[in-house]
Amino acid sequence: MRGNYVIQVIRTSENPLYNRNFLKADGLRWISIDIDRCQPKSSEVKRNQSILLIMNPTQQKPSAQHKPIFAKLTRDVFDHKNNADYIKKFRKGLTRELVEYISKDKNEPDWMLALRLRSFDYFNTLPLPEFGPELYSLHFDEICFFAKAADKKGGFKTWEDVPKEIKYTFERLGIPEAERKVLAGVGAQYESEAIYHSIEKELSDKGVIFTDLDIALHKYPELVKKYFMKCVPPNDHKFAALHGAVWSGGTFLYIPKGVKVEKPLQSYFRMNAMNMGQFEHTLIIIEDGAEGHYIEGCSAPKYGSHALHAGCVEIFVGKNAKFRYSSVENWSRDTYNLNTKRAIIEKNSVIEWVGGNMGSGVTMLYPCSILKGDGSKADHLGIAFANEGQIQHTGAKVYHIGKNTSSRVVMKSISKGGGISVYRGLLRVAKTAENAISQVECDALILDSISASDTIPDIKVDNETATVNHEARVGRLNEEDIFYLTSRGIPKEQAEAMIVNGFINPVVRELPLEYAVEMNRLIEMEMENSVG
Amino acid sequence: MADSQLIKLDSANPSVLLKRDSENEYILSIKDNVIVREPLNITFNNTLKDLNINLIIKIGKNVKATIIERFENKKDQTIMFHSRIFADKDSDLRFIIFQNLSNGSKLTDICEIEVKKSAKVHFINFQLGGKDIRSTLQQVSLNEYGSLNTDLLCRTHNNQNHHFDISNTYKSMNGYGRIIAKGIALDKGQLMINGAITITNKGGGTDAHLRQDSLLLSKNASLRTTPKLNIATNDVKAGHGASVTNLNDESLFYLATRGISEKDVKKMLINGFVAEQLDKISDLPELRNEIYQII
């Protein structure tokens with residue numbers, strides 16, 4: 001099996017039925033693995049024995065060599081508020097004047113101003129989506145669409161230069177530490193603008209560009225103009241139009257032909273003020289033969305008053321290239337997270353989406369892969385956790401257009417405390433898509449009788465050589481599994497959290513170790529009733 | 001059949017009554033505690049160009065019966081058919097629709113079924129003809145231990161456009177149900193199957209599953225399938241699956257290498273695909289053979 005594992009030994013087994021067998025029960029997985037192949041090793045583990053394990057990284061005692069960066073995250077970290085008064089300089093509400101002001105403040109070329117104004121017109125004419133959660137409670141005139149906390153174009157060069165309060169926030173989130181230990185580069189955005197960006201010199205020497213998109217618009221204007229909002233046009237839907245009008249900050253990642261970036265690059269987006277709106281734009285261009293991995297994280301403090309995130313991610317994957325986009329969304333419960341993510345994949349290329357949606361009160365997020373080139377592939381792996389007061393509408397959209405394309409979607413959702421999780425999927429196989437193969441699996445765990453889960457896939461096939469399979473299961477935690485663990489002295493809440501960690505394992509194990517720990521920590525916080 | 005008569009019931013059983021309530025409304029009722037051994041055949045007036053029928057079927061307590069509705073004609077018709085079935089406590093109804101209308105006919109068929117405590121309804125729907133078919137089936141289990149099962153077998157070819165909506169809703173505890181829908185799209189046929197299982201927050205202990213499998217056998221045919229789950233409580237076993245494929249290449253090759261012609265191989269594989277539904281009417285050999293012949 002691929003991936004790093006942080007493990008806790010539950011018990012050893014003499015029974016050959018368990019050793020080396022892969023058992024499946026009620027959609028959960030029990031795995032058996034030789035301990036010698038596990039890293040890092042725990043001193044408690046007996047060597048040279050096949051043992052039955054449940055992955056539970058938070059239980060591991062940190063060794064001298066390994067202290068997970070995000071293992072100590074608590075709700076306080078995410079709810080930390082910076083009460084500086086910069087927000088008083090910026091007004092709420094969306095007007096044409098604001099759109100013009102944003103463009104002028106950034107000294108943008110005319111074509112970008114024209115795009116913003118066109119988008120503003122679309123926003124005023126397009127209706128709200130006819131599907132999904134109710135959005136009428138979102139009042140646009142109560143949102144601040146643009147605010148600068150530090151007013152430093154392109155961000156600061158070092159963490160030492162970042163204003164103290166902002167730096168403190170990111171330190172508690174573990175971002176500088178992650179940059180030192182595991183990342184090839186970091187971008188940090190606070191409110192509407194980047195406050196820090198870095199990339200390893202070795203990569204920039206190879207021509208890799210990783211910078212704030214506001215800066216890229218000036219430094220690489222032709223490249224940005226060629227791709228900006230071509231994958232997600234402003235008239236695509238109402239929130240794409242809103243984004244086109246008021247976008248600010250974000251990430252520009254360009255990997256030239258044949259360059260393989262081994263370590264991941266990360267951007268972290270933080271909202272701070274009450275009623276804030278964040279509209280970062282992530283534009284990623286992977287040239288032919290290139291490879292890379294990009295991670296996005298986000299959070300905001302809770303005020304009990306609405307905030308809005310309508311970001312946009314556009315990814316262009318060239319021929320024979322491979323790209324992984326990972327994200328861990330952890331906005332506060334008063335945030336509307338209405339994000340649009342889409343990728344166009346060329347010949348013989350692969351895109352992998354790995355995502356965890358834990359936060360926000362209302363989420364509508366459906367990453368989309370357009371398999372344009374022959375032989376292109378898409379993998380969508382996602383987790384959604386809907387706790388009290390949350391509605392998680394997540395899913396995946398895949399369009400098979402080229403020949404011999406394939407896609408795989410694995411979605412895991414958990415509902416608790418009255419939360420509602422909805423998988424909404426779209427699969428289209430065009431007439432031109434000879435020999436398309438698609439496999440979709442959605443599993444939902446409902447942890448109590450007041451929560452709910454819906455699964456709404458839409459499959460349309462116009463080519464007779466396609467093979468498409470979809471399956472979904474909904475259920476509760478297996479009582480026998482809970483009894484088994486509690487009878488071994490494990491408290492019930494911990495037993496439930498362990499089983500839930502096992503349930504989400506197929507997705508979590510695709511993340512780098514540190515981010516797998518972060519994901520598991522966030523799940524643990526949700527299971528602890530740490531309401532944000 | 002006289003022009004004024006819209007439907008006809010083929011049964012001499014005194015416990016089964018078909019009454020005309022108004023110009024186009026009929027009520028079919030079966031008294032409590034009756035086991036109807038012979039299937040009840042309902043046929044429709046196939047001479048009228050436009051047909052609009054409301055049929056209410058009341059199945060009494062502890063009744064066991066099979067009802068077969070046949071939609072067949074030689075001349076094109078436009079048919080609006082709305083049926084409501086009320087299955088009382090502990091009843092067991094098998095309701096079969098056999099539709100083989102002419103190539104120019106249109107059918108809008110809405111069937112609503114309410115099932116009371118421990119009642120079982122097995123709805124088997126064979127849709128093989130007609131140009132434009134819009135069929136909606138809504139089954140609701142009102143009380144505990146209701147069992148709602150649906151089998152749909154549909155085939156579109158030529159320029160047919162078939163659209164099916166099937167939903168099972170469980171409003172009470174310990175319900176059970178399987179929806180199995182199989183579709184075959186040929187030539188320029190357009191096929192759409194929407195399935196849904198809804199379990200309300202009072203439906204604890206329910207075990208329900210939805211399966212939609214389709215064969216897309218022509219480059220000009222088109223197929224759309226949306227299997228949905230709406231689950232509002234955790235004490236359930238619920239799932240769905242859907243597949244869209246062509247005939248399996250390995251199976252085609254295997255049989256062809258045994259000297260079987262391509263045409264016969266395809267026939268065999270399609271027969272295998274539809275066998276599951278047709279086995280459910282193995283006690284009705286004439287109808288079963290008729291369907292095999294058509295497919």
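## Parallel strands in chain A

Let's start inside chain A, where strand 18 and strand 21 (residues 377-386) run in parallel and pair over 8 bridges. One spot to look for is A:Ile351, whose bridge partner in strand 21 of chain A is A:Ala378. Keep in mind as you look around that this is a predicted model.

Strand 18 of chain A also pairs with strand 15 (residues 322-330) of chain A, again in the parallel sense and over 8 bridges. Here, A:Val350 in strand 18 of chain A has A:Lys322 standing opposite. Is strand 18 of chain A enclosed or open? Of the 8 residues in this strand (residues 350-357), 6 are buried, so the strand is largely enclosed by the rest of the structure.

## A glycine in helix 11

Now jump along chain A to helix 11 (residues 492-508), which holds A:Gly502. This glycine is partly exposed: 19 other C-beta atoms sit within 10 Å, and a residue needs 20 or more to count as buried. If you want a feel for distance in chain A, try A:Gly502 and A:Lys92, which are 410 residues apart in sequence and 44 Å apart in space, going from C-alpha to C-alpha.

## Chain B as a whole

Over in chain B, you'll find 3 helices and 18 strands. Its radius of gyration comes out at 19 Å, close to the 19 Å that the globule rule gives for 295 residues, so chain B is as compact as a globular protein of that length. Measured out along the principal axes, its C-alpha atoms fill a box of roughly 55 × 55 × 30 Å.

How much of chain B is buried? The figure is 42% of its 295 residues. As for contacts in chain B with a separation of 6 or more, 80% of them are between residues 24 or more positions apart.

## Two domains in chain B

The domain assignment splits chain B into domain 1 (7-246) and domain 2 (247-295). The C-alpha centres of these two domains of chain B lie 24 Å apart. Where they touch, domain 1 of chain B puts in 15 residues and domain 2 of chain B puts in 13.

Which strands supply the domain 1 side of that contact? In chain B, strand 8 (92-100), strand 10 (120-127), strand 12 (147-156) and strand 14 (176-185) each supply at least two residues. By type, the residues on this side of domain 1 of chain B are 10 nonpolar, 2 polar and 3 charged.

## Where the chains meet

Chain B and chain A touch as well, with 32 residues from chain B and 29 residues from chain A taking part in the contact. On the chain B side, the elements giving two or more residues are strand 17 (222-231) and strand 18 (237-245) of chain B. Strand 17 of chain B gives the most, with 10 residues. Sort the chain B side by type and you get 12 nonpolar, 15 polar and 5 charged residues.

Strand 17 of chain B also pairs across the two chains: strand 26 (residues 452-461) of chain A is its antiparallel partner, over 6 bridges. Which residue of strand 17 of chain B is the bridge partner of A:Ser453? Look for B:Ile231.

Conventions: Residues numbered from 1 in each chain as written. Chains lettered and ligands numbered in written order. Predicted model: local features only at pLDDT ≥ 70, side-chain atom pairs only at ≥ 80, totals over all residues. Domains from an automatic or database assignment. Contact = placed C-beta atoms within 7 Å. Helix = DSSP H or I, 4+ residues; strand = E, 2+ residues; numbered from the N terminus. Nonpolar A, V, L, I, M, F, W, Y, C, P; charged D, E, K, R; others polar. Rg over C-alpha atoms; globule rule 2.2 N^0.38 Å. Buried ≥ 20, exposed ≤ 12 C-beta atoms within 10 Å, placed from the backbone. Pairing = 2+ DSSP bridges.
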